[in-house]
Amino acid sequence: MSNFLAQPAAPVVPAALPETRPATVRVLGCSGSIARDCRTTAFLLDDDVLIDAGTGVGDLSLDELLRVDHVLLSHSHLDHVLGVPLLADSVLRRRQGRGPIQVHALPQTLAVLRQHLFNDLLWPDFTRLPQPAQPVLSLHELAVGQTLELGAQRRRIRVLPARHTVPAVGYAVLGTGGDFVYTGDTGPNPALWEALRGLNLRQLVIEIAFSEGDRAIATDSLHHCPSTLAAELAQVPGEVEVLLTHVKPGEMPTVLAELAARLGPGRAVTALRAGQRLNLG
């Protein structure tokens with residue numbers, strides 16, 4: 001009789017997991033509008049997840065654009081979304097077999113994209129091209145408080161509340177060495193600080209769009225100016241690295257001086273610059 005059943009079972013080899021490397025964020029754009037060397041908001045997490053898609057996306061090479069598999073949008077304003085249709089157009093012919101680029105945003109933001117952008121009037125509907133069954137873009141709803149796992153490295157990303165003139169969110173990239181937070185466009189926002197209480201905050205990218213002379217505009221548009229941002233930063237522990245984004249072109253020296261005067265010597269802040277790379281640990 002065969003003794004096949006008596007043979008020891010072959011060892012079970014677990015499937016190989018992707019090698020996890022420390023997360024990095026490349027600052028593609030961090031300006032509140034455009035001018036020479038000023039690119040609007042876009043951050044590249046690792047090499048395959050975009051957080052917002054402003055004009056800074058245009059600094060990526062075609063090969064780098066092709067590696068983007070996910071786009072996280074904070075809100076529907078043009079300076080944060082205009083890279084999405086152009087990205088789709090650039091990689092349309094090269095993504096065959098890779099599946100669509102997944103665009104993640106609030107339902108209200110996706111509704112704006114469908115109605116006002118991908119409407120075959122302002123831009124072709126790339127959620128149906130090159131074929132409805134195999135589009136280059138797909139749209140995915142998210143909600144405040146949700147935690148996503150995205151990208152080849154399966155980064156954990158939490159959706160944070162923002163307070164802006166349209167429905168908006170921020171994002172936290174959760175890491176073992178500390179958490180990276182991008183507030184999105186927001187004015188004073190108690191809900192944000194409540195959401196951050198349970199996080200191990202390491203780096204905070206927070207917007208400040210206007211100088212103090214434009215405080216009325218900042219208030220109406222739900223952006224920060226030095227006085228409102230200084231009040232918000234009083235809630236941030238001193239060891240947290242604070243990085244400023246979304247300052248309007250030409251306003252940086254004034255904004256930094258006015259903010260420093262209100263913060264005092266115990267709270268250092270740094271202005272982001274396009275091309276900068278942040279190591280998240």
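**Entry 1: strand 12 and its partners**

I count two strands as paired if DSSP finds at least two bridges between them. The model I am reading is predicted. I began with strand 12, residues 179–182, and looked up its neighbours. Strand 11, residues 169–174, is joined to strand 12 by three bridges, and the two run antiparallel. Within this pair I noted V173, which stands opposite F180 of strand 12. Strands 11 and 12 form a hairpin with four residues between the strands, and G178 there has a positive phi near 135 degrees.

I then checked strand 13, residues 201–207, which runs parallel to strand 12 and is joined to it by four bridges. The bridge partner of V181 in strand 13 is L204. How does the chain cross from strand 12 to strand 13? It passes through helix 5, residues 190–196, and the resulting β-α-β crossover is right-handed.

Next I asked which residues of strand 12 lie on each side, and whether they are buried or exposed. D179 and V181 are on one side, F180 and Y182 on the other, and all four are buried, which leaves both faces of the strand covered. The split follows the usual pattern, because side chains in a regular strand alternate between the two faces of the sheet.

**Entry 2: nonpolar cores**

I looked up the largest nonpolar core and found 29 residues in it. V71, L73, V103 and L137 have the most contacts inside this core. I listed the elements that give two or more residues to it: strand 2 (42–45), strand 3 (49–53), helix 1, helix 3 (83–91), strand 5 (101–105), helix 4 (107–117) and strand 8 (137–141). Helix 3 supplies the largest share, four residues.

I followed V103 further, leaving aside its neighbours within four places in sequence. Its contacts are V71, L73, V84, L110, L113, L137, S138, L139 and H140. Another core lies apart from this one; it has 25 residues, among them L45, L106, V169 and Y171.

**Entry 3: salt bridges**

I searched the whole structure and got nine salt bridges. Such pairs are expected where charged atoms come close, because side chains of opposite charge can then pair.

I took R26 and E64 before the others; their side chains meet in a salt bridge at 2.9 Å, N to O. This pair links distant parts of the chain, with R26 in strand 1 (residues 24–29) and E64 in helix 1 (residues 62–66), 38 residues apart. Is R26 buried or exposed? Its relative accessibility is 15%, so it counts as buried, the cut-off being under 20%.

I next checked R154 and E149, which form a salt bridge with the closest N and O atoms 3.8 Å apart. R154 is partly exposed at 45% relative accessible area, and E149 is also partly exposed, at 43%.

R197 and E194 came last of the single pairs I looked up, with a side-chain salt bridge of 2.9 Å, N to O. R197 is exposed, its relative accessible area being 63%. I also noted one network, in which salt bridges that share partners join D69, R95 and R98.

**Entry 4: the annotated span**

I looked up the UniProt record, an unreviewed entry, which lists residues 39–239 under "domain: Metallo-beta-lactamase". Over this span I read 25% helix and 27% strand. The C-alpha atoms at its ends are 29 Å apart.

Technical notes:
Residues numbered from 1 in each chain as written. Predicted model: local features only at pLDDT ≥ 70, side-chain atom pairs only at ≥ 80, totals over all residues. Heavy atoms only, no water. Salt bridge = Lys/Arg side-chain N within 4 Å of Asp/Glu carboxyl O. Buried < 20%, exposed > 50% of the residue type's maximum accessible area, 1.4 Å probe, protein only. UniProt positions renumbered as here; feature names shortened; annotations may be inferred. Right-handed = clockwise from strand over helix to strand, strands pointing away. Core = buried A, V, L, I, M, F, W, Y, C linked by side-chain atoms within 4.5 Å. Contact = heavy atoms within 4.5 Å.
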